[in-house]
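Trainee: I have a model open and want to test the labels people put on it. Can we take them one at a time?
Mentor: Yes. Ask away.

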Amino acid sequence: MKEILGKEWFNRDAEKVAQELLGKYLICGNIALPITETEAYVGPQDLASHASKGRTKRTEVMFGPPGHWYIYLIYGMYNMLNIVTREKDYPAAVLIRGAGDYDGPGKLTKALGIDRKFNTQEATSESGLWVEDRGMRVENKDIERTSRIGVGYAKEWSTKPFRYVLKKD
C-alpha cells in the first residue's frame, strides 16, 4: 500500500504530524527513504519558529495552506526541508531532520538534491517531492523525544521536547 499524504493529513498540530511522519517515506524523484527524525515548530508563539517574528517574505509559505514545502538556507550552504502544517494563516511546520541513513537535515537535502526550487510547492508527485505512507507502523515506545537542536536563543521554547527520533533496533 502506498498512499501520498495530502494537505488534509498535514492540517493538524505540528507535534502530532512530526511524530506520525516517523516511518513515512520521503520521496524525491525515484528515491524513497523512511523518515527517521523530525522537529515540530508549533506556531507564532514558538520562539524557535521563524513565524515568531511575524509574516515576512521568507515565512509567507508558513502562513499558507498545509502540505506545502518551506525550504530555507542556513549558514549559506544547507537547505532545511520543512512541511507546513495546520490551517491557512496559522504558521506551523515540521522540519525533516533525517531519513534513511542521512542523519542531519543538511546532509539529507544535499544527498537528495533538495533546494529552494521546491520552496512553496505542494508536496505532490507533480512537484517531484512528497511523503508516502507505506504501511510502516511506529509505536510510542519506538520514539525518542528530546529538545530541538540549535535553538538555544528561543528561551523556554529551546527545551520543549519537540524533536522526535525513531529509535534504532
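Trainee: What makes the charged end of R86 count as sitting over the ring of Y90?
Mentor: The rule asks for NZ of Lys or CZ of Arg within 6 Å of the ring centre and within 35 degrees of the ring normal. The charged end of R86 is 3.9 Å from the centre of the Y90 ring. R134 also lies over a ring face, that of Y25, at 4.9 Å from the ring centre.

Trainee: What kind of model is this, and which residues count?
Mentor: It is a predicted model: local features need pLDDT of at least 70, side-chain atom pairs count only at pLDDT 80 or more, and totals for chains, interfaces and linings use all residues. Residues are numbered from 1 along each chain as its sequence is written, and side-chain values use heavy atoms, with hydrogens and water left out.

Trainee: Why is the pair of W9 and F10 called edge-to-face?
Mentor: Rings of Phe, Tyr and Trp (its six-membered ring) pair if their centres lie within 6.5 Å; planes under 30 degrees apart are stacked, over 60 edge-to-face, the rest tilted. The whole structure holds 3 aromatic pairs. In one of them, W9 and F10 are 5.0 Å apart centre to centre, with 80° between the planes. That angle of 80° is over 60, so the label is edge-to-face.

Trainee: And what makes Y70 and Y72 a tilted pair?
Mentor: Their centres are 5.1 Å apart and the planes meet at 40°. The angle is neither under 30 nor over 60, so the pair is tilted.

Trainee: How do you know whether Y70 is buried or exposed?
Mentor: Buried means under 20% relative accessible area, exposed over 50%, partly exposed in between (1.4 Å probe, protein chains only). Y70 has 2%, so Y70 is buried. Y72 has 12% and is buried as well. W9 and F10 are both buried too. Over the chain, buried residues make up 51% of the 169 residues.

Trainee: What makes Y75 exposed?
Mentor: Its relative accessibility is 71%. That is over 50%, so Y75 counts as exposed. Y75 is in the loop between β4 (69-74) and β5 (78-84). Strands (E, at least two residues) and helices (H or I, at least four) are DSSP runs, numbered from the N terminus.

Trainee: What is notable about the phi of Y75?
Mentor: Y75 has a positive phi of about 55° although it is not a glycine. Most residues other than glycine have a negative phi. R86 has a positive phi as well, about 65°, and is not a glycine either. R86 is placed in the loop between β5 and β6.

Trainee: Which residues form a nonpolar patch with Y75?
Mentor: M77 and Y78 join Y75 in a surface patch of about 400 Å² accessible area together. Patch members need over 30% relative accessible area and no salt bridge; nonpolar side chains (Val, Leu, Ile, Met, Phe, Trp, Tyr) are joined within 5 Å, like charges within 9 Å. The areas come from the Shrake-Rupley method with a 1.4 Å probe, and for residues only the protein chains shown count as cover.

Trainee: Why is the contact of D89 with R55 called a salt bridge?
Mentor: A salt bridge needs a side-chain nitrogen of Lys or Arg within 4 Å of a carboxyl oxygen of Asp or Glu. For D89 and R55 the closest N and O atoms are 3.2 Å apart, so the pair qualifies. D89 lies in the loop between β5 and β6 (93-99), R55 in the loop between β3 (31-41) and β4, so the pair ties together parts 34 residues apart in sequence. D89 is partly exposed at 47%, and R55 is partly exposed at 44%.

Trainee: How many salt bridges does the rule give?
Mentor: The count is 15. Among them, R134 and E132 meet at 2.7 Å, N to O. R134 is partly exposed at 30%, whereas E132 is buried at 7%. Salt bridges that share partners also join E37, E39, R97 and R163 into one network.

Trainee: How do you know that the chain is as compact as a globular protein of its length?
Mentor: The globule rule is 2.2 Å times the number of residues to the power 0.38, and the radius of gyration is taken over C-alpha atoms. The rule gives 15 Å for 169 residues; the chain has 14 Å, close to that, so the description holds.
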